[in-house]
Amino acid sequence: MKKKLDLLQPATVLICLWLGLFACQVPTQEESVPKKWYKGNLHTHSYWSDGDEFPEVIMDWYKSHGYHFLALSDHNILAEGDMWVKIREDSIYQKAFDRYLKTYGEDWVVHEMDSGQIKVKLKTIEEYQPLFQEKERFLVLPSEEITDLYEGKHVHLNATNIQEKIEPQGGESIAVTMQNNIDAVWAQRERTGVPMIVHVNHPNFLDAIRLEDMLHLKGERFFEVYNGHNRVQNQGGIYGLSTEAMWDLINISYVKEGKPLLLGLATDDAHNYHQIGNQWSNAGRGWVQVRADSLTPASLIAALEAGDFYASTGVRLDHLKLEDNVLEVGVAAEEGVNYTFSFIACVRGADKVEVVSTVEGEVASLELKEDWIFARCKITSSKLQENPIEGILYEMAWTQPVQFQ
Ligand SMILES: [Zn+2]
Ligand SMILES: [Zn+2]
């Protein structure tokens, strides 16, 4: 496999051209590299903003728990430049600092005493990335949670793989504030030529963002159908709509406006690494599984934009395919666990979705109909999620909406 891959290296291609052999034996990437599934979390916090742990410790947690990529998305900051944190006096934070120092050593950890408190210099992404990044095993993505406010309401959007910090753009309404920040990410993408994505975070957090604010966004392809923070009200806030219900209603509007479908992410939004429970925002609750050519930002983003991924809070899929307008989904079943597949679709002209089929088992399929504007599958397991929030008790997965072709 490696030899085949090497044939695609630019130097080899150049030599081939020089020898007049380009037409010979250069396999296409599709032939030589089967796509793989990569697990990742696109929303997490660290000491760089209001998370309570060092980036290295967080990276180590995700890597050692089977994740392939991680974005530390701190509020309005990229992990660059000088930044010092004071360690809180609480014994849990003191002990965590001791462990950090013991693990990484005096040569790595820059710290000093300041008025009786320990002060530590945070490592930049440039410093910590090489410690964890490994080809095809683990990727560290630069990220920022653009944290904006409109009349006291929180408007948060994550920008993944950005190269320069983006200041919150503001705007004359919630919708305009969102749009201005989305536009800023796209402007950076166009200017730098680097693939990057923006996604809408936890709309129901403090009941800030209403459905109407998201119906007419432009250039917004991703949305957190599940966020593992304990205060985000995935199941609905004062306006009553769950994020999943919002997702479908946004897509009904998107289709009417001729826009590509909005795709659903699950993320952790972890802040608390020392206290565990449903009143804390902990790591490990929500993630995406992305089917990509390789573990690089460009491949992952291309796969995400193609909708070749699913969101999960525990259910792992064994296969997921759309062929001849048949959507087939199979779980990697665990012993003693039952799975329910709910297929959800929206008929052209309708103003809401309906559950068009429910199947129990390990595999299920759905033949798409021409008059459906989209259909998707939600899988619910009978297995209790470890450390759940909001009474969302069972492990789940959401595939992306697809359309009849
Ligand atoms: Zn947020
Ligand atoms: Zn966050």
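Colleague: What does Gly 193 do just after H7?
Modeller: Gly 193 takes a positive phi of about 75°. Keep in mind that this is a predicted model.

Colleague: And H7 itself, what span should its residues give?
Modeller: Helix H7 covers residues 174-192, which is 19 residues. At 1.5 Å a residue, they should span 27 Å. The end C-alpha atoms are 27 Å apart, which agrees.

Colleague: Which residues of H7 are buried?
Modeller: Ile 174, Thr 177, Met 178, Asn 181, Ile 182, Val 185 and Arg 189. They cover an arc of only 135° around the axis, which puts them on the same side of H7.

Colleague: What about the other side of H7, buried or exposed?
Modeller: Ala 187, Glu 190 and Arg 191 are exposed there.

Colleague: What do the buried residues of H7 pack against?
Modeller: Three strands and a helix: E6 (139-150), E7 (153-160), E8 (197-200) and helix H8 (211-214).

Colleague: New topic. How many residues of strand E10 are buried?
Modeller: 5 of the 5, residues 263-267, so E10 is largely enclosed by the rest of the structure.

Colleague: Which residues sit on each side of E10?
Modeller: Leu 263, Leu 265 and Thr 267 are on one side. Gly 264 and Ala 266 are on the other. Both faces are covered. As a rule, side chains in a regular strand alternate between the two faces of the sheet.

Colleague: Do E9 and E10 pair in what sense, parallel or antiparallel?
Modeller: Parallel, over 5 bridges. E9 is residues 222-227. Phe 223 stands opposite Gly 264 in E10.

Colleague: What do E9, H9 and E10 make?
Modeller: A right-handed β-α-β unit, with helix H9 at residues 243-256.

Colleague: Now the open sheet. In what order do its strands come?
Modeller: E3-E5-E4, with antiparallel pairing. Strands E3 (84-86) and E4 (111-114) stand at the edges, each with a single partner strand, so one side of each is left without a neighbour in the sheet. Neighbouring strands are turned by 30° against each other on average, direction ignored.

Colleague: How many bridges join E3 to E5?
Modeller: 3 bridges. E5 is residues 117-121. Lys 86 has Lys 119 in E5 as its bridge partner.

Colleague: Last one. Over how many bridges do E15 and E18 pair?
Modeller: Over 9, in the antiparallel sense. E15 is residues 339-347 and E18 is residues 372-384. Ile 344 stands opposite Arg 376 in E18. E18 also pairs with E19 (residues 394-399), antiparallel over 4 bridges. There, Thr 380 has Met 396 in E19 as its bridge partner.

Technical notes:
Residues are numbered from 1 along each chain as its sequence is written. Chains are lettered from A and ligands numbered from 1 in the order in which they are written. This is a predicted model: local features need pLDDT of at least 70, side-chain atom pairs count only at pLDDT 80 or more; totals for chains, interfaces and linings use all residues. A residue is buried if 20 or more other C-beta atoms lie within 10 Å of its own, exposed if 12 or fewer, and partly exposed in between; C-beta atoms are placed from the backbone. Helices (H or I, at least four residues) and strands (E, at least two) are DSSP runs, numbered from the N terminus. Two strands pair if DSSP finds at least two bridges between them. A crossover is right-handed if, with the strands pointing away from the viewer, the path from the first strand over the helix to the second runs clockwise. The expected span of a helix is 1.5 Å times one less than its number of residues. The arc is that of the directions from the helix axis to the C-beta atoms. Two residues are in contact if their C-beta atoms, placed from the backbone, lie within 7 Å. Axes are lines fitted to C-alpha atoms, for helices over the stretch in contact, and angles run from 0 to 180 degrees between N-to-C directions.
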